[in-house]
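Here is a short briefing to read with the structure open beside you. Take one topic at a time, and find each element on the screen before moving on.

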Amino acid sequence: MSEEAVMSDESFVRFDRPSGDIVLRSSDGHAHRVHKIILSEASPFFATMFSLPQTQMVGIEPVCGADELDVPVVPVTEDSRTLSHLLRLCYPSPLPPPSSLSLDEVEDVLAASSKYEVEVARAFCMSVLESHVKSEPIAAYGLALRLHLKKEACAAALESLKHDFPPADTSDDAPISKAIARMSGTAVYRLIQYREACKAIALRQFTHDLPVLKPPRNGVMVYICPKCSDQEPGANTRYLPFKIDVARAPQVERVEQ
């Protein structure tokens, strides 16, 4: 990330604490002067690292004695934006708003929080991911699969039933197109299979078991999926909304909210 891009990013916070006793230098060369004791409280990884004699700390650079870098410097593989988000979550301050993290940033910070064992950062990112599952479920589905988050992937697949797939906008610059491009062929195939299976079950139940359908409201029939209900007893929110053209019923035109 260039210096100009970092400085124009409102979510970026450079840590430059005068009393800091360690510097973390990002992969793109930005130095964050921070406190060992705070990082040790937030991260067992850092606690172990800082408990070692300086000569045994892998990767640490010698004190250079120039400018602000008069303390040990630890190079890290994360870029400045990811490191900034992680450090904000380590320090005892109000959490940033969930909207401050894009899905790409959630993925990077989740990876960093797992690497450095920062549980507060992981918990925050998981809550942010939940909000993205609602707003952009198909992209969230791909991310969840990449990070082996089965529960979140299932939730995103279910939420995707309220959206067209393939999406209407398939231009290369469309965010959804970029998200799909990052998925493996297997992930896309599994999502299509899941959506087709849900549609088939809904149609079968519609034609043979009308009691499972709630009365229409605003032209939308709400179907309670028995398969999902069996997997999670009592999960009354597991439903499949779809709009039906009454003149052509039981054909399902499209899945939507």
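The notes below begin with the whole chain, then go through a sheet, several helices and one histidine.

This is a predicted model. The chain has 257 residues, and 43% of them are buried. Its secondary structure comes to 11 helices and seven strands. Of the contacts between residues with a separation of 6 or more, 55% join residues 24 or more positions apart.

**The three-stranded sheet**

- Start with an open sheet of three strands, whose order is 2-1-3 and whose pairing is mixed.
- Strand 2 (31-34) and strand 3 (73-75) stand at the edges with a single partner strand each, so one side of each has no neighbour in the sheet.
- From one strand to the next, the twist averages 25°.
- As a reminder, strands of a sheet pair through backbone hydrogen bonds, and the pairing may be parallel or antiparallel.
- Strand 1 (residues 22-25) pairs with strand 2 in the antiparallel sense, over four bridges.
- Two bridges to look for here are Ile-22 with Val-34 and Leu-24 with His-32.
- Strand 1 and strand 2 form a hairpin with five residues between the strands, and in this hairpin Gly-29 has a positive phi near 90°.
- With strand 3, strand 1 pairs in the parallel sense over three bridges, and Arg-25 has Pro-75 as its bridge partner in strand 3.

**What covers the sheet**

- Is strand 2 covered on one face or on both? Both faces are covered: Ala-31 and Arg-33 are buried on one side, and His-32 and Val-34 are buried on the other.
- Helix 4 (residues 80-90) packs on the sheet, where it touches strand 1 and strand 2.
- The direction of helix 4 makes about 15° with that of strand 2.

**Helix 5**

- How far apart should the ends of helix 5 (residues 103-116) be? At 1.5 Å a residue, its 14 residues should span 20 Å, and the end C-alpha atoms are indeed 20 Å apart, so the two values agree.
- Buried residues of helix 5 include Leu-103, Val-106, Val-109, Leu-110 and Tyr-116.
- Charged-looking names appear in the list as well, with Glu-105 and Glu-107 both buried in helix 5.
- The cover over the buried residues of helix 5 includes helix 3 (44-51), helix 4, helix 6 (119-135) and helix 7 (137-146).
- After helix 5 comes Glu-117, with a positive phi near 60°.

**Helix 7**

- Eight of the 10 residues of helix 7 are buried, so the rest of the structure largely encloses this helix.
- Among the buried residues of helix 7 are Pro-137, Ile-138, Tyr-141, Gly-142 and Leu-143.
- Helix 7 is followed by His-148, which has a positive phi near 60°.

**Helix 6 and helix 8 side by side**

- Two packed helices are described by the angle between their axes and the distance between those axes.
- The axes of helix 6 and helix 8 (residues 150-159) come within 9 Å and cross at roughly 20°.
- Angles under 35 degrees count as roughly parallel, and helix 6 and helix 8 are therefore roughly parallel to each other.
- The crossing of helix 6 with helix 8 is right-handed.
- On the helix 6 side, the contact is made by Met-126, Leu-129, Val-133 and Lys-134.
- On the helix 8 side, the contact is made by Glu-152, Ala-155, Ala-156 and Glu-159.

**A histidine to find**

- His-132 lies in helix 6.
- Is His-132 buried or exposed? Its relative accessible area is 10%; under 20% counts as buried, so His-132 is buried.
- Leaving aside residues up to four places away in sequence, His-132 touches Leu-101, Ser-102, Leu-103, Val-106, Pro-137 and Ala-140.
- Two of these contacts link back to helix 5, where Leu-103 and Val-106 are buried.

Note on methods
Residues numbered from 1 in each chain as written. Predicted model: local features only at pLDDT ≥ 70, side-chain atom pairs only at ≥ 80, totals over all residues. Heavy atoms only, no water. Pairing = 2+ DSSP bridges. Axes fitted to C-alpha atoms, helices over the stretch in contact; angles between N-to-C directions. Contact = heavy atoms within 4.5 Å. Expected span 1.5 Å × (residues − 1). Buried < 20%, exposed > 50% of the residue type's maximum accessible area, 1.4 Å probe, protein only. Parallel < 35°, antiparallel > 145°, perpendicular 65-115°, else oblique. Left-handed = near helix turned anticlockwise from the far one by under 90°.
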